[in-house]
Amino acid sequence: MATLAAPVASPEIARAVIDPKSYAAWDPLLDLFDRIRSETPVLRIEAGEGGFDPFWLLTRYDDVMQVSKDNASFLNHPRPVVLSSREGIEFARAATGSDMLVDSLVTFDAPIHPKYRKLTQDWFMPRNLRTIEDAIRALARRTVDRLVEAGADGAPVDFVKQVSAPYPLHVVMQILGVPESDERRMLMLTQQLFGGQDPDLSGAGMAQLTPEMVLQIVAGAVKDFEDYFARLAAERRAQPTDDVASVIANAIVDGEPLNDRDMAGYYIILAAAGHDTTSASTAGAMLALARDPDQFAKVRADRSLLPGIVEEAIRWTTPVQHFMRTAARDVEIGGQSIVAGDWIMLNYVAANHDPAVFDNPRRFDAARSPNRHLAFGAGAHQCLGLHLARLEMRILFEALLDRIDAVEVAGEARRADSSFVGGLKTLPLRIVAA
Ligand code: HEM
């Protein structure tokens, strides 16, 4: 079959796709992806002057699905799995000797990836998660109690600050066996490590520091994590518990226990992947309910609607906005020739708003069925924590619906400047307690 000449994005479009600020303005972002999808669904982005290597942007659901499922032709290595500037890549190399700051499940390919993934796969299945449901429910109730207290007498409350940010962080720290007294330190370390593109969210005001200072902080954060988790793992080897930290500490791969670096990578990916993501979909679900009092009343009366609301919130928000792949061979995507070594962006936001698959995609439709969204990815790297994320959200909303009679938006809900994990960073609400 004849392939198409490489369609290269205009500098203006290339900038818009790369700029973290574009991701703070949701409707214009969806307009941009709609336009790209309908004109050039496989589009080459060349933003050399912005310091980025060229890459292919995929905006169609079917193309993102095809690449996600073909883990032999599209690899999570050697190019970074998150869009990074050349400067960022150099920086990671200088700090850690690798193109990504941390090597972990998301940067491994077969044959290593399945061996590491298998270690915790069962732990994250619904059967095992049932054993931690009560603990999660207790966290959810405590979080909602605090929200109700803060919102007493109609005072506006920030749902992100009060609920959707701290709650998934507590859950993930609990499964990692990190005591509450160390949570702040862990949060700071993840923020230092992953920097964050939004100045309001990145730890320690990193934007004001020189590159050398940032390098030192990041290298220090990696070392701190390694030391912290090496100690935790030693405890779990001496006295295993039911948590996932014990599974990793006692894991054997190819006849050997994991070394400190690999173990820390595993803990870090769980810590980092598990909180901002679930926070964004939780805040999105609340925004949808706060904007639609009928829907809120309906689900209060009939909790069987909750799983549909949770699933639609995950599609509608698509917290992980992209991952990258490296082509392992010359291959065709949507009629476009891709050459071995090319870098490819799987744009989950665009895929989850593809009108060929989702009717009226911008509408929050709690009854959407089927709802085969790509917010958790697909194929060998599909989100390991997807059952946990759904469970956390369902339990939290059960607790919220038990305690809250009505809710309304009380100010501007603002999104983060971030092209990777995005979503709301503020959601002011007024609540009426039950
Ligand atoms: C709504 C919340 C979440 C969303 C939207 C989300 C999304 C994603 C996506 C898109 C991927 C990459 C999939 C791919 O490459 O095909 C991923 C991978 C991953 N997620 Fe999640 N995630 C969420 C919550 C969680 C939670 C709660 C955890 C665990 C605590 C978690 C752990 C992971 C891990 C370990 C991976 C890497 C899996 C691998 O490479 O084999 N995620 N997630």
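Author: In this predicted model, angles between axes run from 0 to 180 degrees between N-to-C directions. On that scale, helix α9 (residues 166–175) and helix α17 (residues 386–403) pack at an angle of about 130°, and their axes are 11 Å apart.

Reader: Why is α9 called oblique to α17?

Author: Angles over 145 degrees count as roughly antiparallel and those from 65 to 115 as roughly perpendicular. The angle here is about 130°, so α9 is oblique to α17. The crossing of α9 past α17 is right-handed.

Reader: Which residues of α9 and α17 meet, and how do they divide into nonpolar, polar and charged?

Author: From α9 come Tyr167, Pro168, Val171 and Ile175, and from α17 come Leu388, Glu392, Ile395 and Leu396. Seven residues of this contact are nonpolar, none is polar and one is charged. Glu counts as charged.

Reader: What makes β4 and β11 edge strands?

Author: The open sheet has three strands in the order β4-β14-β11, with antiparallel pairing. β4 (157–158) and β11 (404–409) each have a single partner strand, so one side of each lacks a neighbour in the sheet.

Reader: How do you know that β11 pairs with β14?

Author: Pairing requires at least two bridges between two strands. Five bridges join β11 to β14 (residues 428–433), so the pairing criterion is met; the two strands run antiparallel. Within β14, Arg430 stands opposite Glu408.

Reader: Which helices lie across β11 and β14?

Author: Helix α7 (residues 133–150) lies across β4, β11 and β14, at about 95° to β14. Helix α17 lies across β11 and β14, at about 105° to β11.

Notes. Residues numbered from 1 in each chain as written. Predicted model: local features only at pLDDT ≥ 70, side-chain atom pairs only at ≥ 80, totals over all residues. Heavy atoms only, no water. Helix = DSSP H or I, 4+ residues; strand = E, 2+ residues; numbered from the N terminus. Parallel < 35°, antiparallel > 145°, perpendicular 65-115°, else oblique. Left-handed = near helix turned anticlockwise from the far one by under 90°. Contact = heavy atoms within 4.5 Å.
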